[in-house]
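Student: Please take a close look at one part of this model for me. I would like to follow the strands of a sheet, and then see what surrounds them.

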Amino acid sequence: MNHSTHADLRQEAEHFYCCLFGSEAPPALIMHYLAVHQCLTELSEVSVEHSRTLRIIIGRRLNAAAIEPWLRRKGRRHALTAKLLLVVYLAECGSGHIGFSRHVRVERGALIFAALRGLAGLCHGYYLRRYHGLV
Amino acid sequence: MDWFERVIVGSGPAGVAAARRMAGQGTCLIDVGDFPQQSFPHPSLQSALVGGDVEALLGRHWEMLANLIEPGCLHPKQRAAALRFVMQGVPFRVRDAAGEVIVHGAGSHAAGGMSNIWGAQLLRYTDDDLVDAGDWPYAISALEPYYADLETHIGISGQVDDMHGFLGGVIPAMPPVPMVPAAERLYANYLSCRNEKTKLRFLLGRSRLALATQATHGRFEHALGETEFFTSGQHGLYTARRTLEELKDAESITYMGRYQLLSWRESAEHVELDLRELVSGEHRTLRTHHLLLGCGTVQTARLILLHGKEQGRVLPFIDHPPTLLPLFLPGMFCSELPVRSFPVQLIATLPNNQSGNMISFYYPGGLLWSDLLPDIPLPMDASVRMIGALLGGMLVAQIWETSRPVPSNRLQLDEDGEVVIDYPVRLRCAALPYLLTALRPLGAYSLERFAVLSPPGWGFHHAGCLPMRHCPAAFETHVDGRLWNSKRVRVIDGSVLPSLPAKNHTLTLMANAARIADEVMRCGY
């Protein structure tokens, strides 16, 4: 098991938020990200394998959102999935986040564009996972 | 020593249904009776999200994030901080065929029991249901007056439609909840196909809910604020707690909250109960002529096993683990989502399918949308941008099928006296392929591989541990609720139901509890 320091976690939060939403993470979200790691110890105690994957993704500034679907598994979640999901929860609950605008009509074109972007992201993620040997 | 003519243990649906019948005549209701320590401080989910109230949504101790590492084992309602008070009781665990623990559960310590987290569907069983499920010792006519009385007391919303016969013929007192766009389209397509005399393979209608869609009898209308996954005790949504409060306010019963039943001794004249006050730990004894156990299937079974001192004894156990199937109506993607909604929208059945089945169509928009993202096979950044548009054309079909006792699905106590449920036999959902075919002409699509079998024990439709029989064997009950070897101790909760038709069993277990309460009043001793 590897434990992350506050600085590591801050860097994680910033990078994951940027991968998901393409902008700088709000300070409140980073604060909450650290607080959750303090409270949910399982999230901080990452296996050596998963820790290596996280280190490579953050150190090399790889697209974590694209890689994550290839690391999803049944049962216990991969640390990357859990941490990305945490950022998503905090973003959804933090304030009226643009990606989670409820009761706002989305154009069909925007949906198709997002789906195509998602498929392209999947291909990119597959390549990144293989190239960097992420497990 | 305190004396009561009748003592009911448990304030869940069964307990309060029995208490109503025996109100005002020396009846005491004993209950562990926890109340929520936290409440959701927003009238709607939308207002909490817009206000960015992270603490209300995710919990002061991040309770809602309990699924980050291990998904699936906890129902979203069990994660919410303000709903945690419901399950603080004696723990139990469910194991699969490999002996792996797949669900950790606990008995309810909440006033109102498990009804604090139910989906509010109140449905009658019919004679066909009982025949299909088998082993019921009476016809449904035995419960009909109790159904009618409870429906009037609770207030049911819905409408008379094609599901009328399947749902037992009650005329709902209030109109149904408003439909979300996807449900509206599915229902419109169904009506149009039916009117064109297209051969339909299933029946579809509006659900029957214990939810006030309009203010009646001085009671509030439900706000439809999509807060069901975050809080309990909402105005307009019936839970057993409402009946408990009414009985307490009218002083129709003596209520002893925060007491736990430890054991009892039965003599020819009375039953003597040992109780423990949960806060002080103080012990107390009281006597009664009649003891009615309504602690919930698992906890009642545990008490009976402890009472019988039969550590190795195995009891049958029936659950109703539903199959969840996401449904897509592509024509409705990108629809504007409603501001007010309720999860349960429509209800259906495949009448020509061999086994009994019922399908509830849910709108998943009232969850945190992050809950749904790991199920979309795309990167999360894309899923976040798509989820709102997808939800406009999405429903989740929850498929219930008839459950019967199976010898290997059983409940017992381990060496520490904790309940262990083995549930190795989990039949695949037989209705699934038929449902997919039946929905296609209505413009709703999915794939069989998208279906998720929820783990046994997850849905909390538990029953069958102490089945009622005309001639009960050991660890079974008489039709009037008495334990096989008892004159004065009766079981009134779901554990006496001998099999589970493919419907929510709450209204039936309430009606059965009320029927047993009347037996107590008539018994003459």
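Tutor: Here is a walk through one sheet, followed by its surroundings. The model is predicted: local features need pLDDT of at least 70, side-chain atom pairs count only at pLDDT 80 or more, and totals for chains, interfaces and linings use all residues. Residues are numbered from 1 along each chain as its sequence is written, while chains are lettered from A and ligands numbered from 1 in the order in which they are written.

Start with the sheet. Six strands of chain B make an open sheet, ordered β5-β12-β13-β14-β11-β17, and the pairing is antiparallel. (Strands are DSSP E runs of at least two residues, helices are H or I runs of at least four, and both are numbered from the N terminus; strands pair when DSSP finds at least two bridges between them.) β5 and β17 (452-453) of chain B are the edges; each has a single partner strand, so one side of each lacks a neighbour in the sheet.

Now look at strand β12 (residues 344-349) of chain B. Six of its six residues are buried, so the rest of the structure largely encloses this strand. (Buried means 20 or more other C-beta atoms within 10 Å of the residue's own, exposed means 12 or fewer, and partly exposed lies in between, with C-beta atoms placed from the backbone.) On one pairing, strand β5 (residues 203-206) of chain B joins β12(B) through four bridges, running antiparallel. There, B:L204 stands opposite B:A348. On another pairing, β12(B) meets β13(B), again antiparallel and over four bridges. B:V344 has B:Y362 of β13(B) as its bridge partner.

Go to the β17 edge. Strand β11 (residues 323-328) of chain B and β17(B) run antiparallel, joined by two bridges. B:T323 is bridged to B:L453 there.

What follows β13 in the chain? Between β13 (357-362) and α10 of chain B is a loop that holds B:D371. B:D371 is partly exposed, with 19 other C-beta atoms within 10 Å. In sequence, B:D371 and B:P71 are 300 residues apart; in space, their C-alpha atoms are 9.6 Å apart.

That brings us to α10 and the partner chain. In total, 36 residues of chain B are in contact with 46 residues of chain A. (Contact means C-beta atoms, placed from the backbone, within 7 Å.) α10(B) gives nine residues, the largest share of the chain B side. Helices α2 (45-50), α3 (54-58) and α10 (380-391) of chain B each supply at least two. By class, this side of chain B has 26 nonpolar, six polar and four charged residues. (Ala, Val, Leu, Ile, Met, Phe, Trp, Tyr, Cys and Pro count as nonpolar; Asp, Glu, Lys and Arg as charged; the others, Gly among them, as polar.)

Chain A itself has seven helices and zero strands. For its 135 residues, a compact globule would have a radius of gyration near 14 Å; the value of 15 Å agrees. (The radius is taken over C-alpha atoms, and the rule is 2.2 Å times the number of residues to the power 0.38.) Of those 135 residues, 42% count as buried.

Next, the domains of chain B. An automatic or database assignment sets the bounds: domain 1 is 1-34 + 108-154 + 239-309 + 463-525, and domain 2 is 157-208 + 322-402 + 425-455. The centres of the two domains, over C-alpha atoms, are 33 Å apart. Their contact takes 16 residues from domain 1 of chain B and 14 from domain 2 of chain B. Helix α5 (residues 127-133) of chain B gives the most to the domain 1 side, three residues.

Finally, the core. The largest nonpolar core has 206 residues, and A:L20, A:V87 and B:A18 have the most contacts inside it. (A nonpolar core is a set of buried Ala, Val, Leu, Ile, Met, Phe, Trp, Tyr and Cys residues joined through C-beta atoms within 7 Å.) Helix α6 (residues 79-94) of chain A gives the largest share, 12 residues. Both domains of chain B give residues to this core, so it lies between them. Leaving aside neighbours within four places in sequence, the contacts of B:A18 include B:I8, B:L292, B:I492 and B:A513.

Definitions and conventions:
Two residues are in contact if their C-beta atoms, placed from the backbone, lie within 7 Å.
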